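Work through the exercises below with the sequence and the model open. Try each task before reading its solution.

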Amino acid sequence: MRELNYVSTGRLEWFDRPEPELHGPTDAIVRPFVVSRCDGDTLPIHWKGVTTMLAAGLRTGVIDPSVGHIAGHPPFQGPAPIGHEAIAEVIALGSDVTHLAIGDQVVVPWSVSCGTCQNCRRGLTSKCLTTRRDPAAPDGLRYLSAYGFGAASGPYGGMVTDLLRVPHADHMLVKLPDGLDPLRVAAASDNLADGWRAVVPGLRARPGGRVLIMAGGAKSIALYAAGLAVAHGASQVDYIDTDADRAAIAESFGARVQVVRSTRVSLPGLGYPRPVREGYDIVVEATSSGAGLRHVIRCTAPGGECTAVGYYVGTTTPVPLMHMYATDITLHLGVTHPRAVLPELLDWMATHDFPAERVTTTLADFDDAPAAYAAETTKLVLRRDPLHA
Ligand SMILES: [Zn+2]
Ligand SMILES: [Zn+2]
């Protein structure tokens with residue numbers, strides 16, 4: 001069967017691989033039929049020389065060691081199976097799986113979790129203590145257990161594949177509500193759940209709050225966050241990006257947009273808007289840059305919440321802690337725990353007409369994955385027909 005592999009910058013290929021089998025009674029085999037490309041996947045695909053640069057940075061201590069623990073030594077060395085956002089149909093079930101049936105359409109979270117350990121019970125499903133166990137890893141635990149990050153994050157393979165094995169299937173796989181278009185929630189495994197966690201809990205605590213989204217790095221997450229913020233009653237959503245087409249999508253969701261020359265460099269004249277005096281209650285940092293992070297912290301209102309959804313790979317990224325102290329703001333960084341939010345996210349998506357598919361800038365045929373996955377496009381979604389209608 002086919003599995004899409006990242007080979008090198010701009011180059012992806014189908015690799016032939018034996019079909020996965022049930023390893024235990026709690027496993028499932030699923031067939032992905034809607035797959036989308038996470039914003040993070042574009043790092044190795046579009047950034048020429050990323051492996052050499054990150055490896056050199058790890059050697060000299062400039063890049064944080066966690067990058068190597070997650071993406072390997074050297075990081076993002078191809079070939080490696082890629083892809084970790086998928087809607088799939090259930091093909092085979094272990095004898096202990098009771099909540100699923102053959103043909104069920106399910107969301108597969110990007111990180112593999114057990115559902116019963118102490119961290120899973122706290123909602124930290126991407127830091128599961130069971131699935132990250134690995135005698136070869138420091139302290140016997142991997143940083144992440146995930147699909148599509150390469151061997152350093154476990155043996156699970158990528159989601160752009162004909163068949164995929166899912167352990168702890170009763171817990172892991174979340175059924176798609178009846179009537180919900182899979183293309184609408186193509187990114188629920190990761191980026192849509194990321195946009196959700198960045199604005200929805202914060203707005204629940206601060207009803208009608210003002211929201212700022214600094215976009216351009218984590219491209220689709222910023223758009224999902226903008227749309228979800230408007231739909232969850234933010235009194236104002238300001239969206240700042242370098243790309244006019246993305247800004248138009250944010251505007252169509254009801255955000256107030258501004259297109260600037262750069263969101264990653266805070267030099268005067270490059271277009272950073274001046275922080276507004278009263279600040280924003282909820283701020284999303286999606287530029288994936290230290291400059292963006294420092295800027296949005298200074299844009300956050302007293303008592304406000306700043307969620308950074310990008311990668312900050314440096315060992316020491318300066319952060320204005322005194323300003324944060326003086327304004328009493330909360331900075332939240334960290335991987336998403338999609339399994340923990342999927343039930344409420346899918347329920348909300350099924351009962352509200354939120355057109356998340358507007359973020360999809362390229363919809364391609366699953367068979368064309370090698371070329372399509374390399375495209376310079378904000379959000380790629382691949383689709384094929386499910387076997388069970
Ligand atoms: Zn991702
Ligand atoms: Zn667990």
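**Exercise 1: a residue in a strand**

Setting aside neighbours within four places in sequence, Glu3 is in contact with Glu13, Trp14, Phe15, Arg17, Pro81, Gly157, Gly158, Val160 and Thr161. Contact means heavy atoms within 4.5 Å. The model is predicted: local features need pLDDT of at least 70, side-chain atom pairs count only at pLDDT 80 or more, and totals for chains, interfaces and linings use all residues. Residues are numbered from 1 along each chain as written, chains are lettered from A and ligands numbered from 1 in written order, and side-chain values use heavy atoms, without hydrogens and water.

Task: Which strand holds Glu3, and is Glu3 buried or exposed?

Solution.
- Step 1. Locate the residue: Glu3 lies in strand β1, residues 2–8. Strands (E, at least two residues) and helices (H or I, at least four) are DSSP runs, numbered from the N terminus.
- Step 2. Check accessibility: Glu3 has 4% relative accessibility, so Glu3 counts as buried. The cut-offs are under 20% relative accessible area for buried, over 50% for exposed and partly exposed in between, with a 1.4 Å probe and protein chains only.

**Exercise 2: two zinc sites**

Task: Which residues coordinate the zinc ion (ligand 1), and what is the site geometry of the zinc ion (ligand 2)?

Solution.
- Step 1. Take ligand 1: the zinc ion (ligand 1) is coordinated by Cys38 (SG), His84 (NE2) and Asp190 (OD), at 1.8 to 2.2 Å. Donors are N, O and S atoms within 2.8 Å of the metal (3.2 Å for Na, K and Ca); water is not among the atoms, so sites may look incomplete.
- Step 2. Read the spacing: the donors of ligand 1 follow C-x45-H-x105-D along the chain. Cys38 sits in the loop between β3 (28–36) and α1 (42–46), and Asp190 in the loop between β8 (174–175) and α6, so the pair ties together parts 152 residues apart in sequence.
- Step 3. Check burial: Cys38 is buried at 4% relative accessibility, and Asp190 is buried at 7%.
- Step 4. Take ligand 2: the protein donors of the zinc ion (ligand 2) are Cys114 (SG), Cys117 (SG), Cys120 (SG) and Cys128 (SG), 2.3 to 2.4 Å away. Their spacing is C-x2-C-x2-C-x7-C.
- Step 5. Judge the geometry: the four donor atoms of ligand 2 make angles of 102 to 117 degrees, and the site is tetrahedral. Four donors count as tetrahedral if all angles lie between 85 and 135 degrees. The ideal angle for four tetrahedral donors is 109.5 degrees.
- Step 6. Check burial again: Cys120 is buried at 8% relative accessibility, and Cys128 at 0%.

**Exercise 3: a helix pair**

Task: At what angle do the axes of helix α6 and helix α11 cross?

Solution.
- Step 1. Find the angle: the axes of α6 (residues 191–205) and α11 (residues 338–351) come within 10 Å and cross at roughly 80 degrees. That makes α6 roughly perpendicular to α11, a label that covers 65 to 115 degrees.
- Step 2. List the contacts: Leu192, Ala193, Trp196 and Arg204 in α6 meet Pro338, Val341, Glu344, Leu345, Trp348 and Met349 in α11.
- Step 3. Sort them: eight are nonpolar, none polar and two charged. Ala, Val, Leu, Ile, Met, Phe, Trp, Tyr, Cys and Pro count as nonpolar, Asp, Glu, Lys and Arg as charged, and the others, Gly among them, as polar.

Conventions: Axes fitted to C-alpha atoms, helices over the stretch in contact; angles between N-to-C directions. Parallel < 35°, antiparallel > 145°, perpendicular 65-115°, else oblique. Tetrahedral: all angles 85-135°; square planar, octahedral: opposite > 155°, others 65-115°.
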